[in-house]
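Colleague: Please pick one residue in this model and look at its surroundings closely. Then work outward from there, step by step, for someone new to reading structures.

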Amino acid sequence: VTQVAGNPSLTVDPPYDVPEYGSTAKRAPHQPLVLVPEELMDPLGPLFGESPIRASDADLTRQHPGEPLGERINISGRLLAPDGDPIAGQLIEIWQCNAAGRYAHERDRHPAPLDPNFTGAGRCLTGPDGSYRFVTIRPGAYPWANHPNAWRPAHVHFSVFGRNFSERLITQMYFPFDPLLPYDPIFNSVRDQAARRRLVSSFDWDSTEEGWALGYRFDIAVAGRLATPQQGSP
Amino acid sequence: VSRPGPTPSQTIGPFFRFGLEWMAGRDLVPDRHPGRTVIRGRVLDGDDVPVPDAVVELWQAMCPEAPPGWTGFGRSLTDDQGCYQFTTAKPVAPGDGQAPHLQLSVFARGLLQRLVTRIYFADEFTANASDPLLRRLPAHRRDTLVASGAGGMLSFDIHLQGPDETVFLAC
């Protein structure tokens, strides 16, 4: 059996077992992953071109009668294959907390206000050049129970579909110069520093809108099939 | 085109329902579809405690007489008992020696990247016995990938950890 110890992509993805992130303790598998030989991979993934997605689903500031509180931002970028080719017509979903750091979720007990004008969920299909664009508000930081005085840096959750099953990815986008980043065990679960930096969006002057919104850029490249699997013993 | 570095995975976190539920709960086949099968199971942690904040995604090859608009994709958010459920039909055999199977991704708080596994069908005894992936597994772990039950109602629990840990795949 060809097995991979712990981490299928070996360089960029975080390991399952990260002691600093308490929730991994009972959920990380202990057995090594079993490598599926390339010839046994199912080649195609779903296409969501027929999904009921409206252009307005990409504007999180227009889902309620009033304007949400917070700093209005555009988030744009491209969805790319490992070779740099654009991935067109695939689904990107985002979700986030509001400007005060509170999720529109029944289990979020952070004593910060909900915003009746902000749910925090959006989706779109990538364009022919792999591009996407969301309008939202900048999410707040919030405390969590992982360790004493633990705070999550501001982040937006991203769920993307690549061209096949291997390229399915869920990740989080962070903001540049966030002072909480060095203290966050989830961000720092990515052990490779260069890879970790790719989780941080860049301030993007070109996508700001005068008198209206600031802009951030976040390109997403799916890893897909691991390039150099480690050979383990049976 | 420059070759971009891959974007690392991060956990789905605990508070995803309002963002991901819109596409969940869709049956892959309608009520009277030939071979209609309900697959139901729990996601359990290392203490056998149900995981109520997981997303299980199904991805499968085409089933016979696939309905119009078929994508082969399903998404199920676990409930308070850690249960997920799909309604589908067994896919056609891939034709490369593999037995018919379903692919699953599991996302949850505490999983920094998804877990991937497969569901095989107990009534495909002969095909399973010669399946090239199942044959690579030690006998005692092979059964973690075979759903139990019959008659259109199958059960497949996902053990993240522990003595019954499900076989998880790197792909």
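Modeller: Two residues are in contact when they have heavy atoms within 4.5 Å of each other. The model is predicted, and everything below should be read with that in mind.

The residue to start from is Ile92(A), which lies in strand 4 of chain A, residues 91-95. Is Ile92(A) buried or exposed? Ile92(A) counts as buried because its relative accessibility is 0%, and the limit for buried is under 20%. Setting aside neighbours within four places in sequence, Ile92(A) is in contact with Leu79(A), Gly122(A), Arg123(A), Cys124(A), Thr126(A), Tyr132(A), Phe134(A), Phe158(A), Ser159(A) and Val160(A). For a sense of distance, take Ser166(A): it is 74 residues from Ile92(A) in sequence, and the two C-alpha atoms are 16 Å apart in space.

Two parts of that contact list lead further. One is Arg123(A), a contact of Ile92(A). The charged end of Arg123(A) sits over the ring of Trp22(B), 3.9 Å from the ring centre, and thus links to chain B. Chain A also has an arginine over a ring within the chain: Arg168(A) lies over the face of Phe161(A), at 3.9 Å from the ring centre.

The other lead is strand 9 of chain A, residues 155-160. Phe158(A), Ser159(A) and Val160(A) are among the contacts of Ile92(A), and strand 9 supplies at least two residues of the lining of the largest pocket. This pocket has a volume of about 400 Å³. Of its 24 lining residues, those closest to the centre are Trp144(A), Ala145(A), Pro14(B), Phe15(B) and Arg109(B). Strand 7 of chain A, residues 142-144, also gives at least two lining residues; with 3 residues, strand 7 has the largest share. By class, the lining has 10 nonpolar, 8 polar and 6 charged residues.

Phe15(B) also belongs to an aromatic cluster, together with Tyr103(A), Tyr142(A) and Phe18(B). Over all chains, a search finds 17 aromatic pairs. One of them joins Tyr84(B) and Phe86(B), with 5.8 Å between the centres and 55 degrees between the planes, which makes the pair tilted. Both of these residues are buried.

Tyr84(B) and Phe86(B) bring us to a residue in chain B that can be set beside Ile92(A). Ile39(B) lies in strand 1 of chain B, residues 36-44. Why does Ile39(B) count as buried? The reason is its relative accessible area of 1%. Apart from neighbours within four places in sequence, Ile39(B) is in contact with Tyr84(B), Gln85(B), Phe86(B), Thr88(B), Leu102(B), Ile119(B), Leu154(B) and Phe156(B). Gly69(B) is 30 residues along the chain from Ile39(B), and 21 Å separates their C-alpha atoms.

Now back to chain A as a whole. It has 1 helix and 13 strands, in the order β-β-β-β-β-β-β-β-β-β-α-β-β-β from the N terminus. Buried residues make up 56% of its 234 residues. Of the contacts in chain A between residues at least 6 apart in sequence, 71% join residues at least 24 apart.

A buried residue need not lie in a strand. Ser207(A) lies in the loop between strand 11 (202-203) and strand 12 (214-217) of chain A, and counts as buried because its relative accessibility is 12%. Leaving out residues up to four places away in sequence, Ser207(A) touches Asn74(A), Ser76(A), Leu214(A), Gly215(A) and Tyr216(A).

Other loop residues are exposed. Asn149(A) lies in the loop between strand 7 and strand 8 (150-152) of chain A. Its relative accessible area of 68% is why Asn149(A) counts as exposed. The phi of Asn149(A) is near 50 degrees, a positive value in a residue other than glycine. Phe177(A) is not a glycine either, and has a positive phi of about 60 degrees. Phe177(A) lies in the loop between strand 10 (169-174) and helix 1 (193-197) of chain A, and counts as exposed because its relative accessibility is 82%.

Methods. Residues are numbered from 1 along each chain as its sequence is written. Chains are lettered from A and ligands numbered from 1 in the order in which they are written. This is a predicted model: local features need pLDDT of at least 70, side-chain atom pairs count only at pLDDT 80 or more; totals for chains, interfaces and linings use all residues. Side-chain values use heavy atoms; hydrogens and water are left out. Rings of Phe, Tyr and Trp (its six-membered ring) pair if their centres lie within 6.5 Å; planes under 30 degrees apart count as stacked, over 60 as edge-to-face and the rest as tilted. Buried means under 20% relative accessible area, exposed over 50%, partly exposed in between (1.4 Å probe, protein chains only). A charge sits over a ring if NZ of Lys or CZ of Arg is within 6 Å of the ring centre and within 35 degrees of the ring normal. Helices (H or I, at least four residues) and strands (E, at least two) are DSSP runs, numbered from the N terminus. On a 1 Å grid over the protein atoms alone, a cavity is a set of points where a 1.4 Å probe fits but cannot get out, and a pocket is an open set with protein on both sides within 12 Å along at least five of seven lines; lining residues have an atom within 4 Å of a point. Grid points are joined across faces, edges and corners, and a volume is the space filled by probe spheres set on the points. Ala, Val, Leu, Ile, Met, Phe, Trp, Tyr, Cys and Pro count as nonpolar, Asp, Glu, Lys and Arg as charged, and the others, Gly among them, as polar.
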